[in-house]
Amino acid sequence: MFKDYLVYHLTKLMWFQIGINLTNFSGVERDYEFRRQYAMDNEKIILYVGRLVYEKGIQHLISAMPKILNGYHDTKLVIAGKGGMLDELRAQAEHMGLANKVYFTGYLNSKQVQKIYKCADVAVFPSTYEPFGIVALEGMLAGVPTVVSDIGGLNEIVDHGINGMKSYAGNPNSIADSVLTLLYDGQLASNVAKKAKQKVKEEFNWTKIAQDTHYIYEKAICKTVAEKQKQEIEQENAKKANKAKNSENEITNLLSFKKKHAYA
């Protein structure tokens, strides 16, 4: 019973409580010289950070760019990371006539990743499958207005229009609409970025996760002790009931014996 209880709650904790180092972006500010490697000063950077694989949905983000550019011309999609789809994604951007509006950075080290987040105006994570969504937490902690797909861990992290924006997974039109909403409405973008950063600090820090894990163990141990005490009481009551039944049987047998021999 203890094992089942513990496994269930720790599995639930692991699924919903992912963590991030809150000092990741401490002292990191927007570096304009670094930013100019990827976009002009007048261009808004739409950023993707992560592996370049199918389930990350980058192909849908590229497909969203024509609508985004039609609504907000001065934008640039910056795709940071490496993976097996790099050549395919480059070919897609070129085929769509977006070669000058989509920039592939390749691999970035941790310091460069911190800098690129600070350069972004909107971060987008268009996954079609995402169990946890740590990259989204990084964007939120960096203070970047964030758009995520409405699936898996990403869906659990973001409240639409409050601390980020959601889009339908695999839907370029929906991605474009959420991005444009943030680009059009600077006040909304600022508000969701602030609330997102606050949420990450309050709910996804390792101190809280350690406390939650400790609480689960304590609760499980207390539950086990209580169950053990309950079991001991039930066993004691069963012994008493059995003893009382035996005594009753003995009295009945004795009375039966006396009655049988009363007329002997």
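What covers the buried residues of α4? Here are some friendly notes on that and a few related points; please keep in mind that this is a predicted model.

1. **The cover over α4.** The elements covering the buried residues of this helix include α3 (58-71) and β3 (102-106). Helix α4 itself spans residues 86-95, and its buried residues are L89, Q92 and A93. Looking down the axis of α4, you will find these buried residues within an arc of 95 degrees, so they line one face of the helix.

2. **The other side of α4.** Turn the helix around and you meet D87, E88, E94 and H95, which are exposed. After α4 comes G97, and a glance at its backbone is worthwhile: phi is positive there, near 75 degrees.

3. **Strand β3 and its neighbour.** Of the five residues of β3, four are buried, so the strand is largely enclosed by the rest of the structure. Strand β2 (residues 75-80) runs parallel to β3, and four bridges join the two. If you would like a specific place to look, A80 has G106 of β3 as its bridge partner. Between these strands the chain passes through α4, going from β2 to β3, and this β-α-β crossover is right-handed.

4. **Aromatic pairs.** Now to the rings. A pair of aromatic rings is described by the distance of the centres and the angle of the planes. With ring centres required to lie within 6.5 Å, the model has four aromatic pairs. One of them joins F34 and Y38 in an edge-to-face arrangement, at 5.3 Å centre to centre with 70 degrees between the planes. Both of these residues are buried. Ring pairs also bring in Y103, linking F34, Y38 and Y103 into a cluster.

5. **A pair between two strands.** Y48 and F125 make another aromatic pair, this one tilted, with 6.3 Å centre to centre and 55 degrees between the planes. Y48 belongs to strand β1 (residues 44-49) and F125 to strand β4 (residues 122-125), so their pairing ties together parts that are 77 residues apart in sequence. Are these two rings' residues buried or exposed? Y48 is buried, with a relative accessible area of 2%, and F125 is buried as well, at 1%. Since buried means under 20% relative accessible area, you can place both values against that cut-off directly.

How values were computed. Residues are numbered from 1 along each chain as its sequence is written. This is a predicted model: local features need pLDDT of at least 70, side-chain atom pairs count only at pLDDT 80 or more; totals for chains, interfaces and linings use all residues. Side-chain values use heavy atoms; hydrogens and water are left out. Rings of Phe, Tyr and Trp (its six-membered ring) pair if their centres lie within 6.5 Å; planes under 30 degrees apart count as stacked, over 60 as edge-to-face and the rest as tilted. Buried means under 20% relative accessible area, exposed over 50%, partly exposed in between (1.4 Å probe, protein chains only). The arc is that of the directions from the helix axis to the C-beta atoms. Contact means heavy atoms within 4.5 Å. Two strands pair if DSSP finds at least two bridges between them. A crossover is right-handed if, with the strands pointing away from the viewer, the path from the first strand over the helix to the second runs clockwise.
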